[in-house]
Amino acid sequence: MGKKLVIGASGFLGSHVTRQLVERGEDVRVLIRRTSSTRGIDGLPVERHYGDIFDADAVRAAVDGCDVVYYCVVDARAWLRDATPLWRTNVEGLQRVLDVAAAADLHRFVFTSSIATIGLADTGLATEELANNWLDWAGEYIRTRVAAENLVLRYHREKALPAVAMCVSNTYGPGDYLPTPHGGLVAGAVRGKLPFYIDGAQAEVVGVRDAAEAMILAGERGRPGERYIISERFMTAREIYETACTAVGVTPPRRGVPIRALAAAAVPSEWFARLRRRDTRLTPLTIRLMHIMSPMDHSKAERELGWRPAPATDALAEAAEFFAGARRPPAEDRR
């Protein structure tokens, strides 16, 4: 068996994929930037290669001798006024890596996609058969995610890349150092800094350890050219914060602000941000993304990959314990 390469190992999901591979006794290599925080993988016996996804020589050297590549790179800043960095990282950078991967003799290329590429269901649960059907309301971040997944699947069809697309939902658990946007809200709640919850916000959620396990299972037995929904359950924002806060004995946010009211407040917030030429996380788009997606069916991953996720409520409790005990990371780790 060849080495396992994790591209994006410094990130939340990527660090957990790396750790689980090591725990399984795999020979693991990572490709990271020299400026990236490595606290999620420090101490692990992995071979480190340095470079970024735009450096074809660095990518080629990292891929050489590997049989499975786990691609965990994404720019998730959906609130950016200028979407150029999103397209550059999520699509252009990915294509540079795909060009190298397609020329290598890989067993699998496991791509971290998003449940945002799944369509809205008229009735019942959404499945992998539903292509995204809401791009008109989605914004540039979601457009880049759909374009990226389509690119990966096109490389499978046209260049025989043994690629699998993992449609991962909001991940929770320990080790969210940055933190992720959704993890940051949980951190605020358990630290008593979230004054209210958004009444009407809801999301698919999954434990980060379970998501990492699904990635590894896909590297072993995922069907090339297929998508897999990696999510454990659908929860409201109130349920998420109550679960997390209860785990650490903290009173959760009690006041709910209707999502319509917050969406209305987001209009002047976005207008002032544009006037000041600054980004703001409170925009009509970011509010819309909090409640637009359908509940999803993850049975395909269970059936084909043998994936058995634990309750996401357990992962939320672990995330709460991590955030309650963690010091705020140094500025260089928050970049």
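Is A160 buried or exposed? In this predicted model, A160 counts as exposed, at 62% relative accessibility. This residue is found in the loop between α4 and β6. Although A160 is not a glycine, its phi is positive, at about 60°. A positive phi of about 60° is also found at R277, again a residue that is not a glycine. R277 belongs to the loop between α8 and α9, the latter covering residues 284-288. With a relative accessible area of 70%, R277 is exposed.

A further backbone feature lies at P179, in the loop that runs between β7 (170-172) and α5 (181-190). The peptide bond joining L178 and P179 is cis, with an omega of about -10°.

The interior was examined next. The largest nonpolar core contains 34 residues, and V6, V17, Y70, M166 and I230 have the most contacts inside it. At least two residues of this core come from each of α1 (12-23), β2 (28-32), β4 (66-71), β6 (163-168), α6, β10 (227-230) and α10 (299-305). The element that gives the most to the core is α6, with eight residues.

Helix α6 spans residues 208-221 and has 14 residues. Its expected span, at 1.5 Å a residue, is 20 Å, and this agrees with the 20 Å that separates its end C-alpha atoms. The helix is mostly covered, as 10 of its 14 residues are buried. The buried residues in α6 are V208, D210, A211, A212, A214, M215, I216, L217, A218 and G219. One of them, D210, is charged by class.

Helix α1 also supplies at least two residues of the core. For its 12 residues, a rise of 1.5 Å a residue gives an expected span of 16 Å; the end C-alpha atoms are 17 Å apart, in agreement with that value. Because 10 of these 12 residues are buried, α1 is largely enclosed by the rest of the structure. Buried in α1 are F12, L13, G14, S15, H16, V17, T18, Q20, L21 and V22. V17, listed among these buried residues, is also one of the core residues with the most contacts.

Helix α3, residues 84-102, contains L98, and D99 is found in this helix as well. L98 is buried, with a relative accessible area of 0%, whereas D99 is partly exposed, with a relative accessible area of 38%. Each of these two residues was paired with a residue elsewhere in the chain. L98 and V152 are 54 residues apart along the chain, and their C-alpha atoms are separated by 7.4 Å. For D99 and R60, the separation is 39 residues in sequence and 9.6 Å in space, C-alpha to C-alpha.

The cysteines were considered for covalent links. A disulfide is a covalent bond between the sulfur atoms of two cysteines. The structure holds zero disulfides. In the case of C72, the closest cysteine sulfur is that of C66, and the distance of 13 Å is too far for a bond. C72 counts as buried because its relative accessibility is 12%, under the 20% limit for that class. C245 is likewise buried, with a relative accessible area of 0%.

The second largest pocket holds about 200 Å³ of space. It is lined by 14 residues, of which W79, L80, R81, E270 and L285 are the closest to its centre. Two helices, α4 (139-159) and α8 (259-275), each supply at least two residues of the lining. The most is given by α8, with three residues. By class, seven of the lining residues are nonpolar, three are polar and four are charged.

Methods
Residues numbered from 1 in each chain as written. Predicted model: local features only at pLDDT ≥ 70, side-chain atom pairs only at ≥ 80, totals over all residues. Heavy atoms only, no water. 1 Å grid on protein atoms, 1.4 Å probe; cavity = no way out; pocket = protein on both sides within 12 Å on 5 of 7 lines; lining within 4 Å. Points joined across faces, edges and corners; volume = space filled by probe spheres on them. Helix = DSSP H or I, 4+ residues; strand = E, 2+ residues; numbered from the N terminus. Expected span 1.5 Å × (residues − 1). Buried < 20%, exposed > 50% of the residue type's maximum accessible area, 1.4 Å probe, protein only. Disulfide = S-S within 2.5 Å. Core = buried A, V, L, I, M, F, W, Y, C linked by side-chain atoms within 4.5 Å.
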